[in-house]
Amino acid sequence: MAYNVQDLKQFDKAYVWHPFTQMKNYIAEEPLIIERGEGSYLYDIDGNQYLDGYASLWVNVHGHNDPELNAAIEQQIKKISHSTLLGSANVPSILLAKKLAEITPGHLTKVFYSDTGAAAVEIALKIAYQYWKNIDPKKYANKNTFISLKEAYHGDTVGAVSVGGMDLYHRIFRPLLFDRLEIPSPYVYRMEEYGDPDNIVDYCLKKLETLLEERHQEIAGLIIEPLVQGAAGIITHPNGFLKRAAELCKKYRILLICDEVAVGFGRTGTLFACEQESVEPNILCLGKAITGGYLPLAATITSENIYSAFLGHPDENKTFYHGHTYTGNQLVCSAALKNIELIERRHLVEDIQRKTPIISRALHKLRALPIVGDIRQKGLMIGLSTKSY
Ligand SMILES: *Cc1c(COP(=O)(O)O)cnc(C)c1O
């Protein structure tokens, strides 16, 4: 190492602005600087070992430094690392799109790449918005808004924040954002006064239906994290909520956008969460675990039907004018392809299903602790609430 440990700690404080971090507190403490990873463990520059308990923010799938993932990236790097997808193609992005079309539910076949979950959401919102304008600009002139859930989290760019519902993060930016319509989320533990889980689901869906009844002409789509709201505190939705919300979207002809950036790739016990309620969204957003925690990639996947609304003569202005410099980057796509191959070959989803009840039993013991108010679990996504908050 060219610099010693103390230098690095000082440079970190001097030059790096960390995300979601109050830097005044951060610089008052010793920084944790990770140097390498092996399996489920991280090692810092002082040689200390840490269990990577949250999989480096819900992304790491096969552990760190996986020889097969490493090799896939090395192989690709020797050919080419990046060429643009704007108007030209590359091999890994083609193969990955085909694979994603095969493994995602139903008729989702058209893959639009980006590099962060927030971008995947922005793209979904823009596609949904433009879809209505493309099919009939007069009839759908007012379809300009989206519904999302209380405490929704869909990323940090301005569009993604617009459909967000977390006051702590989003309040300050309100004047910058477009309007959204909010429905309550079926957060059973905090909604005792509404009755049992079925009553709570009914209550939330009634709110959704009323909104749709009154204002569906203004609404382009509903965006939802299926089954579990991750960043909000692992809020697990009771069974049936997603399915019935999806039915309402169909009934009132608005698009359903499932943001599976957090729940996708097995975490809830099926490869994609919406499978559990046999829901096929119009648009699906993927990110986080898509490359096994190796490289930044996200994807927005939609159906032939939506895609075809964007086809036309250039003068018709139906083109989707959106793209990022690194859209469909070869290195990133080859990491994702290998990740998905390994998920299948190593039977990762079955393994999650096997581990889920084991962890469930272990968690049960925590219920006896006076501080523990609620334990929620869907697959390997687990949230605990304290009694007071
Ligand atoms: C993390 C997350 C995002 C944002 O993804 P980034 O890659 O951080 O931009 C969007 N939606 C959900 C549900 C997430 O958990």
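Which residue lies over the face of W132? It is K143, at 4.6 Å from the ring centre. That contact opens this set of close-ups, all taken from a predicted model.

**Figure 1. Two lysines meet aromatic rings.**
In one part of this view, K143 lies over the face of W132, with 4.6 Å to the centre of the ring. In the other part, the partner ring belongs to Y307: the charged end of K110 sits over it, 4.2 Å from its centre.

**Figure 2. The ligand and the residues that surround it.**
Have a look around the ligand here, and you will find T116, G117, A118, Y153, H154, G155, E225, D259, V261, A262 and K288 surrounding it. Backbone atoms take part: an N or O atom from the backbone of G117 lies 2.8 Å from an oxygen atom of the ligand. A118 also places a backbone N or O atom 2.8 Å from an oxygen atom of the ligand. With D259, the atom to look for is in the side chain, where a polar atom lies 2.7 Å from a nitrogen atom of the ligand.

**Figure 3. Helix α12 and its surroundings.**
Helix α12 covers residues 330-345. Its 16 residues should span 22 Å at 1.5 Å a residue, and the C-alpha atoms at its ends are indeed 22 Å apart, so expectation and model agree. Is this helix enclosed or open? Twelve of its 16 residues are buried, so α12 is largely enclosed by the rest of the structure. To pick them out in the view, look for Q330, L331, V332, C333, S334, A335, A336, K338, N339, I340, L342 and I343. These buried residues of α12 pack against α4 (67-79), α5 (91-103), β4 (108-114) and α13 (348-364).

**Figure 4. The two ends of α12.**
At the N-terminal end of α12, N329 acts as a cap. A side-chain oxygen of N329 lies 3.0 Å from the backbone nitrogen of L331. Following α12 comes H347, which has a positive phi, near 50 degrees.

**Figure 5. Aromatic pairs and a cluster.**
Searching the whole structure turns up eleven aromatic pairs. One of them joins F146 and F178 in a tilted arrangement, 6.4 Å centre to centre and with 45 degrees between the planes. This pair links distant parts of the chain, as its two members are 32 residues apart. F146 sits in strand β5 (residues 145-149), while F178 belongs to the loop between α8 (167-170) and β6 (180-183). F146 is buried, at 3% relative accessible area, whereas F178 is partly exposed at 35%. A second pair is made by Y194 and Y203: the ring centres are 4.2 Å apart and the planes meet at 35 degrees, so this pair is tilted. Y194 counts as partly exposed, at 33% relative accessibility, and Y203 is partly exposed too, at 27%. Elsewhere, Y3, F11 and Y15 come together as one aromatic cluster.

**Figure 6. Two residues with positive phi.**
Neither residue in this view is a glycine, yet phi is positive for F20, at about 50 degrees, and for L227, at about 70 degrees. F20 lies in the loop between α1 (5-15) and α2 (23-28). For L227, look in the loop between β7 (219-224) and β8 (228-229). Which of the two labels, buried or exposed, fits F20? F20 is exposed, with a relative accessible area of 56%. L227, by contrast, counts as buried, at 3% relative accessibility.

**Figure 7. Y43 and its contacts.**
Y43 is part of strand β2 (residues 41-44). At 15% relative accessibility, Y43 counts as buried, since the cut-off for that label is under 20%. Setting aside residues up to four places away in sequence, Y43 touches I33, I34, E35, R36, G37, E38, N48 and Q49. With Q49 there is also a polar contact from side chain to side chain, at 2.9 Å. To place Y43 in the wider structure, compare its position with that of N144: their C-alpha atoms are separated by 48 Å, and the two residues are 101 residues apart along the chain.

Terms used:
Residues are numbered from 1 along each chain as its sequence is written. This is a predicted model: local features need pLDDT of at least 70, side-chain atom pairs count only at pLDDT 80 or more; totals for chains, interfaces and linings use all residues. Side-chain values use heavy atoms; hydrogens and water are left out. Helices (H or I, at least four residues) and strands (E, at least two) are DSSP runs, numbered from the N terminus. Buried means under 20% relative accessible area, exposed over 50%, partly exposed in between (1.4 Å probe, protein chains only). The expected span of a helix is 1.5 Å times one less than its number of residues. Contact means heavy atoms within 4.5 Å. A polar contact is a pair of N or O atoms within 3.5 Å; within protein, one must be able to donate a hydrogen and the other to accept it, and residues adjacent in sequence count only if both atoms are side-chain atoms. Rings of Phe, Tyr and Trp (its six-membered ring) pair if their centres lie within 6.5 Å; planes under 30 degrees apart count as stacked, over 60 as edge-to-face and the rest as tilted. A charge sits over a ring if NZ of Lys or CZ of Arg is within 6 Å of the ring centre and within 35 degrees of the ring normal. A residue is near a molecule or strand if one of its heavy atoms lies within 4 Å of it.
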